[in-house]
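Me: I've got a protein model open and I'd like to learn how to read it. Can we go through it together, one question at a time?

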Amino acid sequence: MTDMTMPDTFLPGPVAGDADPVPQPPAETPPAGTPPTEVPPTEVPPRRRRIRLILAMLLGILLLLFAIFAAWYLLFRKPVTQLPLPSIEQGMPGFSFAAYDLDKPLGIAVSADGSRIYVTQTGGGQETVVLDNKGTKIGELKPPAEVSARASQLYVAVDPKTGDVYATDRAAGRVNIYGSDGAYHGVLVPTPDPGAWQPLGITFDGDGNLYVSDAGGAFQTVKKVDRTGALVLTIGAEGLLSFPNGIAVDKTGVIYVTDSNNGRLLVFDAAGTKLGLVQRGPATGELSLPRGIAIDDSNRVYVVDAVGQGVQVYHSLGQGDQAPRYVNKFGREGTVDGAFEFPNGVAVDGRGRIYVADWNNDRIQVWSY
């Protein structure tokens, strides 16, 4: 009988299909102090490199524009739309806000930074009020009782050199002067003394010369008074002006006068020679009853047409122009925001805002670009 007993230790042999293992050499350890081997960078495709470069350039341009806009605003406190880019034709301003609780506001002036708004009133309460930049009343301009028990002030202007405020009182034949804080400083008396005059419209030019229209005398005029108080120019002739309510002077010294009762805008050079006009009429750009006028830093001329129920906008005179070039009009008749009922005075600040005395709606409106 065959012995079937298995041995104590069984070592199986190779299985069919298995390969003999290949011996691997031991891993080599680099000598101490040997720098690590650098893996070569993956090559970026040329197209992707171009895209990254373009994106970096666009980001740089955006950052540069942001820096320019921020610097412009911080230095000049003007909106971006007021950047001096002649290739951009700007549209009309839009309604911003209104300030109410006024009594038939007529004249309006504003400090260059827009922080103070001065408004004359012709209703029952004739105090000239001072508003902040949100339209909140913060003070009044009125002479002391011993000077006048009732100041009937019509138009106001801010001296660009001192911030003082000048207000015309036609009935009393005076131009009252106030400090920027509202303190009464006295009365303007030009040299030579104009005597019994009726000051009406008023403005300053960039050099601080004062212009006042005189609705009295043998014929009505516009008078220019320099910083010393000397009367240096008189514009007018018999039959030329009839109640010139508004005066404005552009950067070149050209003088614009709203010849209200004649329904036109007259333009004079710095020496008082008549250059041209915008006439009365029903056509686009013509006028009906022009009252307030103002010119902004971009040489846009704003003329309030009280009967036309809006503000006409013109370009100031350029080389060879005979009259301001009509641009457009904003406003319409009504009582809602952006509408007017017999508007009158207009003023601009240095930040692209336009202030309009909305007479029969007992409010002022502020428009901006």
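Me: Let's start with a salt bridge: how far apart are the closest N and O atoms of Glu140 and Lys142?
Reply: Keep in mind that this is a predicted model. A salt bridge needs a Lys or Arg side-chain nitrogen within 4 Å of a carboxyl oxygen of Asp or Glu. Glu140 and Lys142 form one, and the gap between their closest N and O atoms is 3.5 Å.

Me: Is Glu140 buried, partly exposed or exposed?
Reply: Buried means under 20% relative accessible area, and exposed means over 50%. Glu140 comes out at 29%. Its partner Lys142 has 47% and counts as partly exposed. Glu140, at its 29%, is also partly exposed.

Me: Which residues are linked with Glu140 in a network of salt bridges?
Reply: We already have the salt bridge between Glu140 and Lys142. The network takes in another lysine too. So the residues linked with Glu140 are Lys137 and Lys142.

Me: Are Asp259 and Arg264 buried or exposed?
Reply: These two form a salt bridge, with their closest N and O atoms 2.7 Å apart. To be called buried, a residue must have under 20% relative accessible area. Asp259 and Arg264 are both buried.

Me: What is the relative accessible area of Arg353?
Reply: Arg353 forms a salt bridge with Asp349, where the closest N and O atoms are 2.8 Å apart. Asp349 is buried at 6% relative accessibility. Arg353 is buried as well, because its value falls under the 20% cut-off: it is 19%.

Me: How many salt bridges are there by this rule?
Reply: The three pairs we looked at are Glu140 with Lys142, Asp259 with Arg264, and Arg353 with Asp349. Counting by the same 4 Å rule, the number of salt bridges comes to 10.

Me: Now for the largest pocket: which strand supplies the largest share of its lining?
Reply: The pocket holds about 1,000 Å³ of space. Of its 48 lining residues, the closest to the centre are Val158, Thr203, Phe204, Ile295 and Val348. Strands 2, 6, 10, 14, 18 and 24 each supply at least two lining residues. The largest share is 5 residues, and it comes from strand 14.

Me: How many residues in the pocket lining are nonpolar?
Reply: The lining of the largest pocket can be split by class. There are 10 charged residues and 15 polar ones. The nonpolar residues number 23.

Me: How much accessible area does the nonpolar surface patch have together?
Reply: Among the residues in this patch are Ile51, Leu58 and Ile68. Ile68 sits in helix 1, which covers residues 46-76. With a relative accessible area of 41%, Ile68 is partly exposed, so it clears the over 30% cut-off for a patch. Taken together, the patch has an accessible area of about 830 Å².

Me: Which residue is joined to Pro192 by a cis peptide bond?
Reply: Most peptide bonds are trans. Pro192 lies in the loop between strand 9 and strand 10. Omega is about 0° for its cis bond, and the residue joined to Pro192 there is Thr191.

Me: Asp101 and Gln309 both have a positive phi; is Gln309 buried or exposed?
Reply: Most residues other than glycine have a negative phi. Asp101 has a phi near 65°, lies in the loop between strand 1 and strand 2, and is exposed at 77%. Gln309 has a phi of about 55° and is found in the loop between strand 19 and strand 20. At 5% relative accessibility, Gln309 is buried.

Terms used
Residues numbered from 1 in each chain as written. Predicted model: local features only at pLDDT ≥ 70, side-chain atom pairs only at ≥ 80, totals over all residues. Heavy atoms only, no water. 1 Å grid on protein atoms, 1.4 Å probe; cavity = no way out; pocket = protein on both sides within 12 Å on 5 of 7 lines; lining within 4 Å. Points joined across faces, edges and corners; volume = space filled by probe spheres on them. Helix = DSSP H or I, 4+ residues; strand = E, 2+ residues; numbered from the N terminus. Nonpolar A, V, L, I, M, F, W, Y, C, P; charged D, E, K, R; others polar. Patch = residues over 30% accessible without salt bridge, like charges linked within 9 Å, V, L, I, M, F, W, Y side chains within 5 Å. Areas by Shrake-Rupley, 256 points an atom, 1.4 Å probe, with all protein chains shown as cover. Buried < 20%, exposed > 50% of the residue type's maximum accessible area, 1.4 Å probe, protein only.
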